[in-house]
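Hello,

Here is the structure we talked about handing over. Please have a look at it first; my notes follow below.

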Amino acid sequence: MSTSVNLYQEAAANVAAAAETIDMDPKVRAILSGPKNELIVNFPVQRDNGEWELLQGYRIQHNNVLGPYKGGLRFHPAVDLDEVRALATWMTFKCALVGLPFGGAKGGVAIDPAQYSAGELERVVRRFTHSLGENIGPEYDIPAPDVGTDARTMAWMMDTYLNSRGSGERQGARRVVTGKPVELGGSLGRAEATGRGAAYALRHFYGELDRTLDGETAAIQGFGNVGSHGAKALGELGVSLLAVADATGAIHNSGGLDIDALVRHVAAAGGVAGFGDSESISTQEFFALDVNILMPAALEAQITETNVDLVRADVILEAANGPVTAAAAMALDDRGIEVIPDILANAGGVIVSYYEWVQNKTSDQWSATDVDTRLRDTMWNACDRVAAQRENRGCTRREAAYIEASERLQSVYSLRGIFP
Ligand code: NAD
């Protein structure tokens, strides 16, 4: 993303700091300091008006020591190589942290999906998938939805991939992507997983403080997949949602927003702007709101050195990837504002993606309750381990999460050895 913050440098700095703390083997440190594979593909797509465009797509595979590469596919105009490198790095550490047998990857195409018709988007997805060729696969690299992509995107990816396989391979190959529509082998609970997982991480944090969430107030940035499902999950815990910001603007109601009505409004209008029963506020006013919980669920680098002083929340729940820059995180820590870090807070998505992959492998379908119970237990197990690291080492929760993930990666490398 084109901000003054280089996300990849930030991701690399987190990794290097954890490596230093645990005195990581220099060989492992070197391996984790950069992605294994970086793929750039240029592919032509015909627009509805007959004109042709050459689009550029990326797939960055950071590390696969724990299992197949795993990570989302993003369609957003600000996508660039360093952003995708950062997102791929975070996936490696996220999967290691929550104990999944997956590595880290990410893909992206720098387009604004809102400017493309459904037919144009389908051509983009199919052509990009075809260009990736053998660089994705059900045991090799498994994409999923991210910003600007969804279950429909995954259906097109899966169909394109299957059509390029021999008939004997096709049935097993549908797990080449996760986050599919349930009818095509998607898991119940996958759409809700990232938002619900974030709510579980928050509940764990409140539990550590011996407090409940009932009656707390929240502001959420981003009302797409993660933000809207996160809002519902927080609502179930008794949290009142006072404000939401997205690409179209920011809205506020001091008495609490009606989440179901807002979901319907966003589906019809494309964003939160213009929602009745609320007042429009500026982005600055949004970040400065006096709420207990601030949940960024949109893009990276949203809370930076320039606006961190505005923040009045008690806790920041990083449901997006990289929304709080390193400098802002330090300033928040100085003020005693807790940050529940992204690689923990938003791990619910990849956790249930893993469940989807397992269900596809075993031709099984788990109930929504089964998925949600497993998600909760896996999140709370990771939260316990991060809290213990934090306590033992006297560090921030973000540092603790990287240390915990790094210890797992280091131990796997030391058991396997490094070839040659
Ligand atoms: P989405 O495309 O469904 O929603 C994105 C939201 O961000 C939309 O509401 C959009 O309006 C808003 N947005 C875009 N630009 C903005 C801007 N400049 N200012 C304010 N809001 C803006 O995406 P998503 O899947 O909900 O992903 C959101 C975040 O969560 C991303 O950081 C993503 O990497 C992360 N994440 C997603 C998943 C998942 O399962 N989808 C899993 C883990 C992490």
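**Around the ligand**

Asp146, Thr194, Phe223, Asn225 and Asn321 come nearest to the ligand, out of 22 residues around it. Keep in mind that this is a predicted model.

By class, the shell holds 10 nonpolar residues, eight polar ones and four charged ones.

Three polar contacts are worth checking on your screen:

- Asp146: a side-chain N or O atom is 2.6 Å from an oxygen atom of the ligand.
- Arg74: a polar atom of the side chain sits 2.9 Å from a ligand oxygen atom.
- Val226: here the backbone takes part, with an N or O atom 2.9 Å from an oxygen atom of the ligand.

How much of the ligand's accessible area does the protein cover? On its own the ligand has 830 Å², and the protein covers 82% of that. Two elements each give two or more residues to the shell: helix H6 (190-208) and helix H7 (225-236).

**The sheet**

Now turn to the strands. Seven of them form an open sheet with mixed pairing. The order is E9-E8-E7-E6-E10-E11-E12. Strand E9 (279-281) and strand E12 (338-340) are the edges, and each pairs on one side only. From one strand to the next, the twist averages 20°.

Look inside the sheet at E10 (residues 293-296) and E11 (residues 315-317). These two strands run parallel and are joined by two bridges. In this pair, Leu294 stands opposite Ile316 of E11.

Over to you.

Best wishes

Key. Residues numbered from 1 in each chain as written. Predicted model: local features only at pLDDT ≥ 70, side-chain atom pairs only at ≥ 80, totals over all residues. Heavy atoms only, no water. Near = heavy atom within 4 Å. Polar contact = N/O pair within 3.5 Å; in protein donor to acceptor, adjacent residues only side chain to side chain. Areas by Shrake-Rupley, 256 points an atom, 1.4 Å probe, with all protein chains shown as cover. Helix = DSSP H or I, 4+ residues; strand = E, 2+ residues; numbered from the N terminus. Nonpolar A, V, L, I, M, F, W, Y, C, P; charged D, E, K, R; others polar. Pairing = 2+ DSSP bridges. Axes fitted to C-alpha atoms, helices over the stretch in contact; angles between N-to-C directions.
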